[in-house]
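Visitor: I would like to walk through this model slowly, asking at each stop where the words come from. Could you start with the terms and then show me where they apply?

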Amino acid sequence: MDRTALRLYFELAKRQFQRQLAFRTANLAGLVTNAFFGYIRATVFIVAFRSQGTIAGYSAADAVTYAWVTQALIMVVHLWGWYEVERTIRTGDVVSDLSKPFSYLGFWLAKDAGRAAYFVLFRGLPVLALGQVMFGLRWPSSPLVWVAFAASLTLAVVVSFAWRFLLNLTAFWTTDARGINQLAAAVVLFLSGFVMPIRLFPDWLRGAVLALPFAGMTQIPCDVFLERLDGADLAGALGLQAFWAVAFLLAAQVVVVLATRRVVTQGG
Amino acid sequence: MALIEVENLHKTFRVARHHRGALGAIRSLVDRQYFDVHAVDGISFSIERGEMLGCLGPNGAGKSTTIKMLTGILVPSSGRIEVLGFEPYRRRKDVVRHIGVVFGQRTQLWWDLPLIESLDLLRYVYRVPAGRYEENLHAFRRLLDLDPFLNSPVRQLSLGQRMRGDLAAALLHDPSVLYLDEPTIGLDVVAKHRMRDFLRTLNRERGVTVLLTTHDMADVEQLCARLLIIDHGKLIYDGSLEAIRDRFGTERTLVVDLDEQNGAVNGPLDVPHAREIRADGPRRWLSFNRADTTAAELIAHVAARYRLRDLTIEEPEIEAIIRRIYEDSSGISSQTL
């Protein structure tokens with residue numbers, strides 16, 4: 001990819017970031033909601049951990065932090081409720097995006113990067129700050145952990161994006177992909193470790209779920225934040241995320257090619 | 001070589017046939033039957049550089065489908081398309097660099113951002129050199145009078161303003177061809193007029209080839225030297241507007257006001273090669289076919305038999321002619337006129 005192409009994707013990301021700035025009130029409402037559920041989930045964990053010191057290697061402080069980090073990541077990784085591509089296909093606006101000399105996948109990936117960057121600043125960090133004020137969180141102990149966390153979070157966004165993008169693309173065939181998206185949201189909520197850490201899953205299920213792409217959307221970045229992974233484990237976890245990111249992006253590109261072979265735009 | 005060449009183009013969609021009723025809906029899940037819709041059914045035409053064409057046709061005739069194949073976002077079922085020497089669907093990126101598209105009922109502008117942000121982005125999308133971009137932006141700001149709303153979010157623009165923004169967006173990269181899908185739809189009289197002025201200027205001064213689809217006959221009458229009429233996926237007319245009048249608008253009407261000072265004329269007027277189709281006191285409408293007689297001959301006949309105060313000749317309205325063509329073609333859709 002040459003420099004002008006990179007510039008284009010940067011400009012796309014920038015505009016999506018700017019676009020989000022228009023929704024200040026909505027973001028504030030979302031922030032309050034995320035913090036409210038962060039409070040409830042952290043409180044539940046504290047009660048659950050009262051009788052046992054650690055569960056699956058998590059202390060009560062770890063669990064509280066896990067709850068707040070997952071709340072902070074909700075809109076950054078955007079695990080559910082994303083219909084932007086589906087909407088353009090349903091309304092037919094997709095024809096504008098397809099009649100441009102850029103990669104359709106790259107176009108949406110860049111926009112999602114801009115969206116995620118916005119939510120890191122205006123949702124994720126404020127939610128963590130509120131968690132710190134209300135409960136006191138367990139923060140990474142060294143700058144290196146922050147670097148690893150940033151890498152893991154970036155990969156989490158890419159994996160999540162490619163997954164959402166694929167689900168949205170089904171609209172090319174079904175004309176309304178909201179049903180399958182809702183079903184997928186329920187699955188992801190559970191398998192990503194959002195509801196509870198995958199490490200708390202029963203033995204027979206845990207290994208498999210940890211290898212699935214969904215673990216890379218929440219569980220792995222949270223574990224990096226909590227310094228549960230280091231050395232080879234850390235490299236393996238990031239490698240797994242990278243593997244799924246590449247695999248999903250390739251799949252997405254294949255589906256884009258198939259889909260654009262059969263664009264049936266709604267409304268003629 | 002022509003700028004755009006289309007030869008025996010077909011596009012067939014496979015559509016599921018649904019069974020009726022609630023039980024039918026369930027039955028459709030397991031027992032699905034398909035039928036083919038021939039949206040575009042063997043169209044051929046070619047367009048030279050600098051032409052301005054209007055494409056007419058009733059809703060669902062295949063106009064938009066044809067435009068989508070020309071831009072490369074839809075793959076033809078069969079037939080050949082070449083735009084600037086490329087097959088659009090194989091070389092989508094190469095083709096779209098040289099074309100601009102405006103779909104009248106959609107927008108490519110970023111809804112939540114100031115208009116200028118959408119325009120600036122296109123500089124990177126099409127890799128327009130900075131100097132050229134500034135020149136074009138300056139020109140379109142003037143021609144389309146964009147300045148009053150250049151910094152307003154697109155969501156706040158009126159439809160007319162948004163269309164002007166969309167036009168600028170489609171043209172900043174100096175496309176050779178501009179496709180406009182119903183560009184004047186929903187616009188008020190003033191906005192339509194401005195839009196047409198702009199398109200004329202664009203075609204004349206920048207040599208942009210324009211292909212527009214429309215339901216508004218005035219668009220075609222005022223802009224297009226050449227007219228394509230598509231119906232049921234077939235090209236049923238390709239030629240000038242005057243020729244279509246000559247060919248299909250052969251029925252003209254002579255309106256006469258009789259001088260009835262010396263007593264009213266009772267019953268319909270009796271003149272050869274014409275028949276009275278309407279009477280309102282002394283005013284009579286005589287329909288005649290230009291194949292049977294000329295206006296001059298008819299006037300001479302009428303004046304010889306009746307005393308006249310005044311007369312006018314009504315040309316058939318182009319809209320009425322087109323309506324007749326649509327109606328004819330729906331009866332004989334398999335036959336090319």
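Guide: A crossing of two helices is called left-handed if the near helix is turned anticlockwise from the far one by less than a right angle, and right-handed if clockwise. Helices (H or I, at least four residues) and strands (E, at least two) are DSSP runs, numbered from the N terminus. This is a predicted model, in which local features need pLDDT of at least 70 and side-chain atom pairs count only at pLDDT 80 or more, while totals for chains, interfaces and linings use all residues. Residues are numbered from 1 along each chain as its sequence is written, chains are lettered from A and ligands numbered from 1 in the order in which they are written, and side-chain values use heavy atoms, leaving out hydrogens and water.

Visitor: What is the handedness of the crossing where helix 1 of chain A passes helix 4 of chain B?

Guide: Helix 1 of chain A passes helix 4 of chain B in a left-handed crossing, which by the definition means an anticlockwise turn of the near helix from the far one.

Visitor: Why is helix 1 of chain A called roughly antiparallel to helix 4 of chain B?

Guide: Helix 1 (residues 3-21) of chain A and helix 4 (residues 115-125) of chain B pack at an angle of about 160°, and their axes are 9 Å apart. Axes are lines fitted to C-alpha atoms, for helices over the stretch in contact, and angles run from 0 to 180 degrees between N-to-C directions. Angles under 35 degrees count as roughly parallel, over 145 as roughly antiparallel, 65 to 115 as roughly perpendicular and the rest as oblique, so this angle makes helix 1 of chain A roughly antiparallel to helix 4 of chain B.

Visitor: Which residues of helix 1 of chain A meet helix 4 of chain B?

Guide: Contact means heavy atoms within 4.5 Å. On the side of helix 1 of chain A the residues are Arg7(A), Leu8(A), Glu11(A), Leu12(A), Arg15(A) and Gln18(A), and they meet Glu117(B), Asp120(B), Leu121(B), Tyr124(B) and Val125(B) in helix 4 of chain B. Sorted by class, this contact has 5 nonpolar, 1 polar and 5 charged residues, where Ala, Val, Leu, Ile, Met, Phe, Trp, Tyr, Cys and Pro count as nonpolar, Asp, Glu, Lys and Arg as charged, and the others, Gly among them, as polar.

Visitor: What makes helix 1 of chain A and helix 6 of chain A oblique to each other?

Guide: The axes of helix 1 of chain A and helix 6 (residues 104-134) of chain A come within 7 Å and cross at roughly 45°, and the two helices are therefore oblique to each other. Their crossing is right-handed, and by class the contact has 12 nonpolar, 4 polar and 2 charged residues.

Visitor: Why are helix 6 of chain B and helix 7 of chain B called roughly parallel?

Guide: Helix 6 (residues 159-171) of chain B and helix 7 (residues 189-206) of chain B pack at an angle of about 15°, with 11 Å between their axes, and they are therefore roughly parallel to each other. The crossing of these two helices is right-handed. Met163(B), Arg164(B), Leu167(B) and Leu171(B) in helix 6 of chain B meet residues of helix 7 of chain B, including Phe198(B) and Leu202(B). This contact has 7 nonpolar, no polar and 2 charged residues.

Visitor: Why is one side of strand 2 and of strand 4 of chain B left without a neighbour in the sheet?

Guide: Two strands pair if DSSP finds at least two bridges between them. In chain B, 3 strands form an open sheet in the order 2-1-4, with antiparallel pairing. Strand 2 (33-47) and strand 4 (78-83) of chain B stand at the edges with a single partner strand each, so one side of each has no neighbour in the sheet.

Visitor: How many bridges support the pairing of strand 1 with strand 4 of chain B?

Guide: Strand 1 (residues 4-17) of chain B pairs with strand 4 of chain B over 5 bridges, in the antiparallel sense. Glu5(B), for example, has Glu82(B) in strand 4 of chain B as its bridge partner.

Visitor: Which strands are the edge strands in the sheet ordered 11-12-10-13 of chain B?

Guide: That open sheet of chain B has 4 strands and antiparallel pairing, and its edge strands are strand 11 (274-280) and strand 13 (308-314), each pairing on one side only. Strand 11 of chain B is joined to strand 12 (residues 283-289) of chain B by 6 bridges. Arg278(B) has Trp285(B) as its bridge partner, and Asp280(B) stands opposite Arg283(B). Strand 11 and strand 12 of chain B form a hairpin with 2 residues between them, and Gly281(B) in the turn has a positive phi of about 65°.
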